[in-house]
Amino acid sequence: MGGVAIVFFGPPGSGKGTQASRLAQKMQLPQISTGDLLRYHVGAGTEIGKIAKPIMESGNLVPDELVTQMLRERLKQDDAICGALFDGYPRTTAQARSLDALLAETGKSVLVVLHVDVPDEAIVDRLAKRAQIEGRADDTPETIRARLRVYREKTAPVAGYYEAQGLLVTIDGDRTIDEVFSEVDSVVYQRLVQPAPA
Ligand code: AP5
Ligand code: MG
């Protein structure tokens, strides 16, 4: 029963993964990134990976049912009993509803949605840098543009779903990693002490 579910929400390259991984370490909760899970499937050549690979390379979203099914399996693992930090999920309103339903099955609910806000220019800059270091398949200039467009069209509206429930907190992500994390940490602490009214 109970447990903490925190969502990191924001455009590609906003720092969701960076911040979620720091908070995961501090809170001793798993960081669940649907992007990382999908990249694992692509690398392993599974059926999910075969479907996801061309979609990810184009910058589009993998179908809701596939991602939610993958997430359902991940949440069954023991390390998620006390909760999890969600990084890059949900990305559509349908996924947000599925997450609520999945969490409700184990008596959990979303504590807070951290919207990491970063302007497009900074994003393009960060991802171009990462492309040189890591060579992620979707960090090409064309796919970065597509990912930003898909974010605006399909994912940004999810903010309204959470805002209506008093769960959305926007954080200026265009600062140093430490500065952003210090705000992430204090927002989460405040919400743990005083959750949004149901
Ligand atoms: P996903 O893996 O989630 O990628 P993304 O959302 O495009 O975001 P990134 O992982 O690129 O960025 P991030 O916000 O995690 O930032 P990071 O910390 O890495 O998704 C990839 C694809 O998978 C999607 O396009 C889609 O096809 C599919 N997919 C995934 N989830 C899905 C879902 N739920 N439904 C459907 N399809 C799904 O930081 C970025 C860079 O900036 C790093 O190099 C980092 O070191 C640097 N950085 C971080 N913070 C700072 C800072 N404060 N200042 C300077 N640099 C910084
Ligand atoms: Mg990420």
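Thr92 counts as buried, because its relative accessibility is 12%, and a residue is called buried when that value is under 20%. In this predicted model, Thr92 sits in the loop between β3 (83-87) and α5 (93-104). Although Thr92 and Asp64 are 28 residues apart in sequence, their C-alpha atoms are 7.8 Å apart in space. The points below turn to the backbone, the aromatic pairs, two further buried residues and the surroundings of ligand 1.

**Backbone features**

- The loop between β3 and α5 also holds Pro90, and the peptide bond that joins Tyr89 and Pro90 is cis, with an omega of about 0°.
- Gln28 is not a glycine, and yet Gln28 has a positive phi of about 55°.
- Most residues other than glycine have a negative phi, and most peptide bonds are trans, so a positive phi or a cis bond departs from what most residues or bonds show.
- Gln28 belongs to the loop between α1 and β2 (31-33), and because its relative accessibility is 66%, Gln28 counts as exposed; the word exposed is used for values over 50%.

**Aromatic pairs**

- A pair of aromatic rings is described by two quantities, namely the distance of the centres and the angle of the planes.
- When the whole structure is searched, two aromatic pairs are found.
- One of them is formed by Phe9 and Tyr151, whose rings are 6.0 Å apart from centre to centre, with 50° between the planes, and this pair is tilted.
- Phe9 is part of strand β1 (residues 4-9) while Tyr151 is part of helix α7 (residues 141-155), so this pair ties together parts of the chain that are 142 residues apart in sequence.
- Both partners of this tilted pair, Phe9 and Tyr151, are buried.
- Tyr161 and Tyr162 also form an aromatic pair, which is edge-to-face, with 5.2 Å from centre to centre and 80° between the planes.
- Tyr162 counts as buried because its relative accessibility is 0%.

**Two further buried residues**

- His115 has its place in strand β4 (residues 110-117), and because its relative accessible area is 13%, His115 is buried.
- His115 and Phe9 are 106 residues apart in sequence, but from C-alpha to C-alpha they are 4.7 Å apart in space.
- Val188 is found in helix α9 (residues 177-193), and Val188 is buried because its relative accessible area is 3%.
- Val188 and Glu47 are 141 residues apart along the chain, and their C-alpha atoms are separated by 37 Å.

**The surroundings of ligand 1**

- The space that ligand 1 takes up is the largest pocket.
- Ligand 1 has 30 residues around it, and of these Thr18, Asn60, Arg91, Arg130 and Arg147 come nearest.
- Three elements give two or more residues to the shell around ligand 1, and these are α1 (16-27), α2 (34-44) and α6 (120-134).
- Among the contributions to this shell, that of α2 is the most, with four residues.
- In the side chain of Lys16, an N or O atom is 2.9 Å from an oxygen atom of ligand 1.
- Asn60 approaches ligand 1 through its backbone, where an N or O atom lies 2.5 Å from an oxygen atom of the ligand.
- Arg147 offers a polar side-chain atom, which lies 2.7 Å from an oxygen atom of ligand 1.
- Ligand 1 exposes 1000 Å² when taken alone, and the protein buries 87% of that area.

Technical notes:
Residues numbered from 1 in each chain as written. Chains lettered and ligands numbered in written order. Predicted model: local features only at pLDDT ≥ 70, side-chain atom pairs only at ≥ 80, totals over all residues. Heavy atoms only, no water. Phe/Tyr/Trp six-rings, centres within 6.5 Å; stacked < 30°, edge-to-face > 60°. Buried < 20%, exposed > 50% of the residue type's maximum accessible area, 1.4 Å probe, protein only. Near = heavy atom within 4 Å. Polar contact = N/O pair within 3.5 Å; in protein donor to acceptor, adjacent residues only side chain to side chain. Areas by Shrake-Rupley, 256 points an atom, 1.4 Å probe, with all protein chains shown as cover. 1 Å grid on protein atoms, 1.4 Å probe; cavity = no way out; pocket = protein on both sides within 12 Å on 5 of 7 lines; lining within 4 Å. Sits in = over half its atoms within 2 Å of the grid points.
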